[in-house]
Number of protein chains: 2
Amino acid sequence: MNTFVKTTKAISDPNRVRILMALRAGELCVCRIIELLQLAPSTVSKHLTILKQAGLIEGRKEGRWMYYCLPQDPNSRAWDTLHWVFQSLESSSDVKDDEVRLAKIIKIDIEKLCEIYKK
Amino acid sequence: MNTFVKTTKAISDPNRVRILMALRAGELCVCRIIELLQLAPSTVSKHLTILKQAGLIEGRKEGRWMYYCLPQDPNSRAWDTLHWVFQSLESSSDVKDDEVRLAKIIKIDIEKLCEIYKK
DNA sequence: CTTATACTTCGCCAACTAACGAATTGAAGA
DNA sequence: TCTTCAATTCGTTAGTTGGCGAAGTATAAG
């Protein structure tokens with residue numbers, strides 16, 4: 001019950017759901033997620049921590065950058081949840097909008113992207 | 001996205017999940033749910049309202065009593081959610097404890113049960 | 001070694017949530 | 001009609017959540 005509620009709390013915030021949906025296409029550097037959500041880096045980082053603690057995403061550090069992705073083990077309990085989430089939202093217009101925006105964000109060179117939120 | 005988050009928020013509270021699990025066995029009068037959860041009637045009523053607005057339960061008034069149950073239409077979108085919830089929690093010890101307690105509560109005559117929380 | 005960069009953690013605040021008891025509603029029963 | 005009673009709504013309070021900017025951390029670049 002405890003872990004179940006932890007999971008449902010993790011997916012009961014629209015921005016966290018947006019992160020999960022974005023990661024369907026593959027792993028993303030935090031700076032691209034920040035650009036997608038248009039939130040402060042600290043806020044995005046907090047969301048990522050909550051998703052990670054619920055076991056819904058995994059993180060990997062490579063040099064200066066931190067990459068997040070969906071669980072690599074397809075037998076992970078988390079995938080039951082993720083499949084349900086993806087199925088529930090497959091026809092969501094918000095998700096489609098994000099897909100379009102994400103496609104553009106992925107094309108931006110990562111060095112240039114990071115400069116954007118340096119301000 | 002909006003309705004999805006409404007649903008996930010509804011199932012991200014342990015007491016509301018307990019209500020859903022309890023209703024698997026069939027419809028219940030509010031006073032039995034109060035007895036199961038050991039919460040104030042006003043609190044339970046609020047939880048029931050949240051579940052109802054998320055489409056996860058239905059209510060029916062009969063005389064003095066209000067009965068709640070899971071959606072009668074098995075094709076309801078809510079059942080995708082409910083099946084996932086039930087599957088996720090089928091081996092939860094909290095749920096099993098509630099099943100045992102509920103079996104006893106159902107045997108109590110409804111007139112006598114209501115007197116309990118009149119205090 | 002020093003500076004810059006890409007996050008993350010901390011501290012704070014406004015908004016929301018779950019809990020309660022008190023007051024209200026609406027259907028039965030006297 | 002008047003009262004009783006199951007349940008809901010209202011008002012309040014303590015605790016949680018999501019947001020931000022500032023400070024901290026760890027890696028890369030100079």
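In what order do the three strands of the open sheet in chain B stand? That was my starting point today. A note to myself before I go on: this is a predicted model.

**Entry 1: the sheet in chain B**

I traced the strands and got the order β1-β3-β2, with antiparallel pairing. β1 (28-29) and β2 (58-62) of chain B stand at the edges, and each has a single partner strand, so one side of each is left without a neighbour in the sheet. Next I looked at how β1(B) and β3(B) go together: they pair in the antiparallel sense over two bridges. I also looked up B:C29, and its bridge partner in β3(B) is B:Y67.

**Entry 2: the sheet in chain A**

Then I turned to chain A. Here three strands form an open sheet in the order β1-β3-β2, and the pairing is antiparallel. The edge strands are β1 (28-29) and β2 of chain A, each pairing on one side only.

I spent a while on β2(A) and β3(A). Strand β2 covers residues 58-62 and strand β3 covers residues 65-69, and the two pair in the antiparallel sense over five bridges. I wrote down two of the pairs: A:E58 has A:C69 as its bridge partner, and A:R60 stands opposite A:Y67. The two strands form a hairpin with two residues between them. In the turn I found A:G63, which has a positive phi of about 60°.

Is β2(A) tucked away or largely in the open? I checked its five residues and the number buried is zero, so the strand lies largely in the open.

**Entry 3: a closer look at A:Y68**

I picked A:Y68, which lies in strand β3 of chain A. Is it buried or exposed? It counts as buried, because it has 20 C-beta neighbours inside 10 Å, and the cut-off for buried is 20 or more. Leaving aside neighbours within four places in sequence, I listed what A:Y68 is in contact with, including A:L23, A:E27, A:L28 and A:V30. Two more on that list are A:E58 and A:G59. I also compared A:Y68 with A:I106: they are 38 residues apart in sequence and 14 Å apart in space, C-alpha to C-alpha.

**Entry 4: where chain A meets chain B**

How many residues of chain A are in contact with chain B? I got 16, and they touch 16 residues of chain B. On the chain A side, the elements giving two or more residues are α1 (2-10), α2 (14-23), α5 (78-89) and α6 (93-107). That side divides into nine nonpolar, four polar and three charged residues.

**Entry 5: the DNA strands**

Which residues come nearest to DNA strand C? Of the 25 around it, I noted A:V30, A:S42, A:C114, B:S42 and B:G63. The largest share of the surface near this strand, six residues, comes from α4(A). Chain B joins in too, as its α4 supplies at least two residues. I sorted this surface by class and got ten nonpolar, nine polar and six charged residues.

For DNA strand D, 25 residues lie around it, and A:S42, B:C31, B:S42, B:S45 and B:C114 come nearest. Two or more residues each come from α4 (41-53) of chain A and from α3 (30-37), α4 (41-53) and β3 (65-69) of chain B. Here α4(B) gives the most, with six residues. By class, I noted ten nonpolar, nine polar and six charged residues near DNA strand D.

Notes: Residues numbered from 1 in each chain as written. Chains lettered and ligands numbered in written order. Predicted model: local features only at pLDDT ≥ 70, side-chain atom pairs only at ≥ 80, totals over all residues. Near = placed C-beta within 6 Å. Helix = DSSP H or I, 4+ residues; strand = E, 2+ residues; numbered from the N terminus. Nonpolar A, V, L, I, M, F, W, Y, C, P; charged D, E, K, R; others polar. Contact = placed C-beta atoms within 7 Å. Buried ≥ 20, exposed ≤ 12 C-beta atoms within 10 Å, placed from the backbone. Pairing = 2+ DSSP bridges.
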